[in-house]
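Q: Could you take me through one part of this model at close range? I would like to follow the open sheet and whatever packs on it.

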Amino acid sequence: MSIDERDRLSAKRDRTARFYRVVRFLEGRGDRGAAPEEIAAAVGMSKRTVYRDLKAIEEELLLPIWSQDGRFGLADGGLLPALSLTREEAMAVFLSARLMARYADEYDPDLGAAFQKLAEGLPPVLAHHIVDSVDLLSQLRPADPGRRSIMRSLTGAWADRRVVELRYRSGTYDASKGTRRARVRPYLIEPSLTTRALYLIGFDETRAAVRTFKIDRIDSVAPTADRFELPVEGAMEGSLASAWDIISDQPRTEVRLRFSAAVAGRVQETRWHPTEIVELADDGSLSWRATIAGTVEIRSWILGWGADVEVLAPAELRAEIGAISAATAAQYSSG
C-alpha cells in the first residue's frame, strides 16, 4: 500500500470515528439535543466540522437529524436500542442472516453493519466467523443506491404504518401491462428463497386487495401522511402460510403428486409445506398432497425432481409440467 493510500484510509477511519462519536453523543442527549459548540467540545473538533458532519450523517448514513433554535438532535427511531442476546440467541440470529447472505447477489452495507454489531461481545470463535462473513459479502458487487433508497423508504413506512404511493413494473410474464401506480398499505417485507429477492406484501388500495410486489420492480416510493391499521393479529401470517414461497394472493389449490421409491425417503426428510399430507405405498412410492396459493411457485420445485415425480392434480398443472418435460426431452434428443 502506498503512502497516499494509507493517508486516505487513515482519513476515512478518522471520519467514521467522528461520525460514531457524534451519533452516540446526540443519542445520549435525547430530546434536549445539543448546540454545535457542545458537540464540538464533546467530540473534539471544530464547530465548522460539526456542521459538515451533521449534514453528512443525515445524507450519507440516512439518520434523521432534527434542528430547532440552534440545537441539533437525533430523531426518535433513528437508532434502535441494543439487544442483549445469549450466545445461543446470537448464533440463531447469525445463522438466519447467513442464510440470507448466501442468496445475496450484491453487497448490502446494512447487513454488513448488522453482522459487525452482532460480533461485538461474542466469543472469539463466533466473532471471527462473523468477520469472515462480512469480508465475503464485501466482495459482491455494490448495492444499487436507488434500490437501497426504495428499501429504506419502505422500511420506514412499514414501521410507521404509513400508506405509500409507488410505481411498479409488471413482471416478465406479462410485460404488456407496463408500469402502474398504486397506493399500498405495507404489511410485510419478506425474502424469497426461490427467486433470491425481497417482496412487499400489502393491501393495494388501487385494486382493493392484498397484493405481492417484487421490490426490484418498484421504480419509486413516496410515503404519504396517511396511516393505516394493521390486519387482525395473525391474519397475514396465516395467509402467508398457504403460499409455497411468497405469493399468497392466488386461489387455494390442492396439488397432488406421486414420488418414485428412489426419492421417497428424501422427500420425507423435509416438511415442504404446513398443509402437506404424505402416504407411503406398498411399492415404496410416496403420495404427497398440499393445499397452496396458486401453482406458479411450486412448478420449479416439481421440475427439480425430474422423472421421479408425477403430477396427479390439478389437471392444468399436470398438462403444464408434461408440456415442459416434453419440450425439454425434444431439445436434448434433437442434438
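What follows is a walk through that sheet, with a short look at the chain around it and at one helix elsewhere.

A: Happy to! Keep in mind that this is a predicted model. For orientation, the protein chain contains eleven helices and 13 strands. Of its 335 residues, 33% are buried. Among contacts with a separation of 6 or more, 58% are between residues 24 or more positions apart. The chain's accessible surface is about 20,500 Å², and carbon and sulfur atoms contribute 52% of that.

Now to the sheet itself. It is open and built from four strands, which line up in the order 11-12-10-13 with antiparallel pairing. Strand 11 (277–280) and strand 13 (309–313) are the edge strands; each has a single partner strand, so one side of each has no neighbour in the sheet. On average, neighbouring strands here are turned by 20 degrees against each other, if direction is ignored.

Let's zoom in on one of the pairings. Strand 10 (residues 252–259) runs antiparallel to strand 13, and four bridges join the two. Within this pair, Arg 258 stands opposite Glu 310 of strand 13.

Two helices pack on this sheet, and they touch different sets of strands. Helix 9 (residues 261–268) is in contact with strand 10, strand 11 and strand 12 (286–293), and its direction makes about 50 degrees with that of strand 12. Helix 11 (residues 315–333) touches strand 10 and strand 13, with its direction at about 150 degrees to that of strand 13. Strand 10 is therefore touched by both helix 9 and helix 11.

For a look at a helix elsewhere in the chain, try helix 3 (residues 47–60). Its 14 residues reach 20 Å from the first C-alpha to the last, close to the 20 Å expected at 1.5 Å a residue. Buried residues in helix 3 are Thr 49, Val 50, Asp 53, Leu 54, Ala 56 and Ile 57. They lie on the same side of helix 3, because the arc they cover around the axis is only 165 degrees. Arg 48, Lys 55 and Glu 59 are on the other side of helix 3, and these residues are exposed. After helix 3 comes Leu 62, which has a positive phi, near 60 degrees.

Methods: Residues numbered from 1 in each chain as written. Predicted model: local features only at pLDDT ≥ 70, side-chain atom pairs only at ≥ 80, totals over all residues. Heavy atoms only, no water. Expected span 1.5 Å × (residues − 1). Buried < 20%, exposed > 50% of the residue type's maximum accessible area, 1.4 Å probe, protein only. Arc of directions from axis to C-beta. Pairing = 2+ DSSP bridges. Axes fitted to C-alpha atoms, helices over the stretch in contact; angles between N-to-C directions. Contact = heavy atoms within 4.5 Å. Areas by Shrake-Rupley, 256 points an atom, 1.4 Å probe, with all protein chains shown as cover.
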